[in-house]
Amino acid sequence: MARIGVFICHCGHNIASAVDVEAVLAYAKTLPGVVFAGHNIYSCSQEGLSSIKSSIKEHQLDRVVVAACTPRTHEPLFRKACEQAGINKYLFEFVNIREHVSWIHAKEPVAATEKAKKLVAMGVAKAALLQPQTEGEAAVTPVAVVLGGGLAGLTAASSLAGQGIETHLIEKSERLGGLLRDVSVIGPEGELAKPLLDDMISRLTRSKHGHIHLKSTVKGISGFVGNFELTFVEGCDEKKIKAGAIIVATGANEFTPVGDYGFGSVPAVVTQLELERRLAKGDVAGDVVFIQCVGCRQPGREYCSRICCNVSLKNALRLLTLSPGSAVTIIHRDIMSSGTAAERVYKEASETGVRFVRYGLERPPKVSAEGDGAVVEVFDETLDETIELDAGLVVLATPLVSPPDSEETGKLLKVPRDKHGFFLEAHVKLRPNEFATDGVFVCGSARWPVSARECIYQGLAAAAKASIPIREGKVVSEAITAYADVDKCAACGNCVLTCPYDAIEIIQVKGKLAAKVNEAVCKGCGSCVAACPNDAMQQKGFTTQQLGAMIDALVKGALEGAQ
Amino acid sequence: MTEFNPTILAFCCNWCSYAGADLAGVSRLQMPPNVHVVRVMCSASVKPEYIFKSLVQGIDGVLVLGCHIGDCHYLTGNHRTAKRVPIAQKLLDDVGVDSRRVKLDWVSAAEGEKFQQVITEFVDEIKGLGPNPMRGVRL
């Protein structure tokens with residue numbers, strides 16, 4: 001029989017203001033297997049954790065239930081306390097009575113208390129069936145791979161190589177530098193792009209740990225954190241690399257606005273990157289009109305590409321420097337120039353004579369050819385009338401879009417993308433630049449359009465995170481993986497088909513065919529558990545018996561009148 | 001006669017809907033206290049047997065909440081859920097159990113308000129259906 005200890009947290013007034021902690025405590029003591037129940041004003045405080053640890057020892061507890069806040073933030077803390085008190089951390093169960101009770105039923109103390117009792121009963125029922133677990137451990141190949149040789153990828157690769165980690169940079173084109181190769185000056189401060197890129201590249205080439213593979217395409221990726229194997233084609237040769245961590249820095253493309261605003265039919269209409277190329281040669285003259293938000297912030301492509309306003313502001317000022325008498329107009333929907341430096345450029349542009357005209361999505365500007373140039377007709381929302389602008393050049397500020405092959409990259413790495421094709425991190429706030437798939441990281445415009453400065457931040461962040469498993473030398477996986485009960489398994493293969501990670505195979509086990517889970521590959525989703533018709537597949541910490549016991553406890557508490 | 005106060009079980013995936021429920025809490029969004037959340041790693045791990053077991057034992061309604069399609073932490077887990085729950089509902093209808101007692105919906109980690117809305121509407125719907133007729137029946 002388990003010896004369960006239950007600890008109810010007041011969380012100051014956060015829980016105690018709606019939940020009668022004393023009543024829940026008294027109820028917890030009546031639950032099967034509970035040999036001790038205590039309460040803390042703040043369970044997560046040093047004092048609270050000490051009292052849990054001393055109670056574990058004093059009452060020889062072998063299961064711990066804490067009813068407090070959310071496991072998403074505090075589970076590691078309490079698991080650690082259990083370990084310190086000498087019991088396996090997987091013998092801990094969390095019950096959420098703050099986010100899921102007191103905060104959402106603040107004005108119903110009676111009902112909130114009853115609900116907290118039932119949730120505690122469910123947690124205790126599950127805890128009684130918890131088993132100690134051992135976490136899987138695997139050695140790490142001390143090699144990193146960076147996919148994409150733009151600024152973000154170069155930053156990540158040169159940082160890793162600089163740390164002495166063998167680093168392979170795989171770039172599909174024949175040159176390094178990505179989109180920034182077509183840009184001469186970086187806004188808003190106005191540094192030159194080429195020296196920045198050259199510096200990054202030389203740091204990588206100078207390092208004996210840096211290996212650059214140009215004209216290379218990844219064909220296959222297998223394995224898991226610490227032990228990936230990549231197959232790629234460099235030129236005509238197929239090559240293989242073993243790696244411990246992978247960084248995705250595959251970048252983005254400039255959206256080509258075919259058919260919009262005369263692009264493709266009126267020669268004077270170009271995209272921002274084409275303007276960059278012409279500006280680099282000093283090959284621009286006459287009046288210029290920028291049109292912002294071409295092909296974005298509209299149904300179908302709702303996002304703001306973030307960098308285009310700053311790029312147009314930067315280039316508007318360069319144009320005025322190049323030909324001081326010319327008229328430069330930015331037709332925009334809103335100017336997004338966040339940050340002190342960018343805002344200063346916006347102010348400077350306004351004061352230097354750049355004209356700003358605001359348009360609405362329902363009345364977009366019209367562009368028609370006029371001699372070698374073009375005429376832009378736009379309804380100015382501020383003037384409340386339509387105006388015409390002559391232009392030698394019309395520049396369309398289009399968004400960065402996910403490259404077509406990012407779908408393939410996502411599939412190879414088994415990492416998710418959003419509806420626009422940009423890669424999705426594990427958690428926007430808590431785990432930036434890393435995927436939910438361990439050992440795979442992301443930086444730069446592959447995850448969202450970013451400026452050069454942000455590419456560098458993110459490249460460094462991804463490199464720092466990728467170096468963690470390599471430096472540790474081993475990876476530990478949370479013991480929530482699936483396993484098969486060989487005696488029950490009929491080798492039907494449903495689990496194999498269901499597994500999103502190809503972690504299960506049917507092999508000879510104990511003299512019969514049965515499912516076998518590769519724990520290093522399993523991510524613990526439990527999909528195979530639901531697919532198994534024989535109840536042979538189980539997930540550690542979420543077994544069918546444990547979840548069944550929770551249902552039974554709710555039934556008992558709710559329908560058979562627990563008070 | 002006292003007002004019918006349904007008992008509802010909700011399976012929430014760790015990454016989206018459980019986080020959405022947490023966000024509802026952090027945002028202090030008030031909702032009826034009838035729903036008891038069970039955390040699972042992915043909605044795809046919810047066995048139809050859990051749903052049947054709950055209803056057979058008298059639970060008035062079961063919610064399965066996952067990540068939006070395309071946002072699954074485990075790539076395509078919720079595609080399985082999207083197929084599996086309707087089959088469970090059909091089986092329930094076939095044996096004479098009102099499948100409206102089971103609901104599948106998607107709540108992201110950013111959708112505290114959606115969580116509140118789903119909970120509030122489902123509780124209302126179950127109140128409308130009345131107590132689970134299997135409540136108290138000994139099989």
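**View 1. Buried residues in chain B of this predicted model.** Start by asking how much of the chain is tucked away: of the 139 residues of chain B, 59% count as buried. To the outside, chain B exposes about 5,600 Å², and carbon and sulfur atoms supply 56% of that area.

**View 2. The order of helices and strands in chain B.** If you trace chain B from its N terminus, you meet its elements in the order β-α-β-α-β-α-β-α. The radius of gyration of chain B is 15 Å, close to the 14 Å that the globule rule gives for 139 residues, so chain B is as compact as a globular protein of that length. Counted up, chain B has four helices and four strands. Along the principal axes, the C-alpha atoms of chain B fill a box of roughly 40 × 30 × 20 Å.

**View 3. Contacts and charges in chain B.** Take the contacts in chain B between residues at least 6 apart in sequence: 80% of them join residues at least 24 apart. Now turn to the charged side chains: how many are positive and how many negative in chain B? There are 15 positive and 14 negative side chains, and the centres of these two sets lie 7 Å apart.

**View 4. A tilted aromatic pair between two strands of chain A.** Over all chains, the count comes to 12 aromatic pairs. One of them joins A:Phe7 and A:Phe36, with 5.7 Å centre to centre and 50° between the planes, and this pair is tilted. A:Phe7 lies in strand 1 (residues 4-9) of chain A and A:Phe36 in strand 2 (residues 34-40) of chain A, so the pair ties together parts that are 29 residues apart in sequence. Is A:Phe7 buried or exposed? With a relative accessible area of 1%, A:Phe7 is buried.

**View 5. An edge-to-face pair between two loops of chain A.** Here A:Phe422 and A:Trp448 form an aromatic pair, 5.5 Å centre to centre with 65° between the planes. A:Phe422 lies in the loop between helix 11 (406-413) and strand 25 (440-442) of chain A, while A:Trp448 lies in the loop between strand 25 and helix 12 (452-472) of chain A, so the pair ties together parts that are 26 residues apart in sequence. A:Phe422 counts as buried at 0% relative accessibility, whereas A:Trp448 is partly exposed, with a relative accessible area of 25%.

**View 6. A cluster of rings in chain A.** Look for A:Phe78, A:Phe92 and A:Phe94, which ring pairs link into a cluster.

Conventions: Residues are numbered from 1 along each chain as its sequence is written. Chains are lettered from A and ligands numbered from 1 in the order in which they are written. This is a predicted model: local features need pLDDT of at least 70, side-chain atom pairs count only at pLDDT 80 or more; totals for chains, interfaces and linings use all residues. Side-chain values use heavy atoms; hydrogens and water are left out. The radius of gyration is taken over C-alpha atoms; the globule rule is 2.2 Å times the number of residues to the power 0.38. Buried means under 20% relative accessible area, exposed over 50%, partly exposed in between (1.4 Å probe, protein chains only). Contact means heavy atoms within 4.5 Å. Accessible areas come from the Shrake-Rupley method with a 1.4 Å probe; for residues, only the protein chains shown count as cover. Lys and Arg count as positive and Asp and Glu as negative; His and the chain ends are not counted. The place of a charge is taken as NZ of Lys, CZ of Arg, CG of Asp or CD of Glu. Rings of Phe, Tyr and Trp (its six-membered ring) pair if their centres lie within 6.5 Å; planes under 30 degrees apart count as stacked, over 60 as edge-to-face and the rest as tilted.
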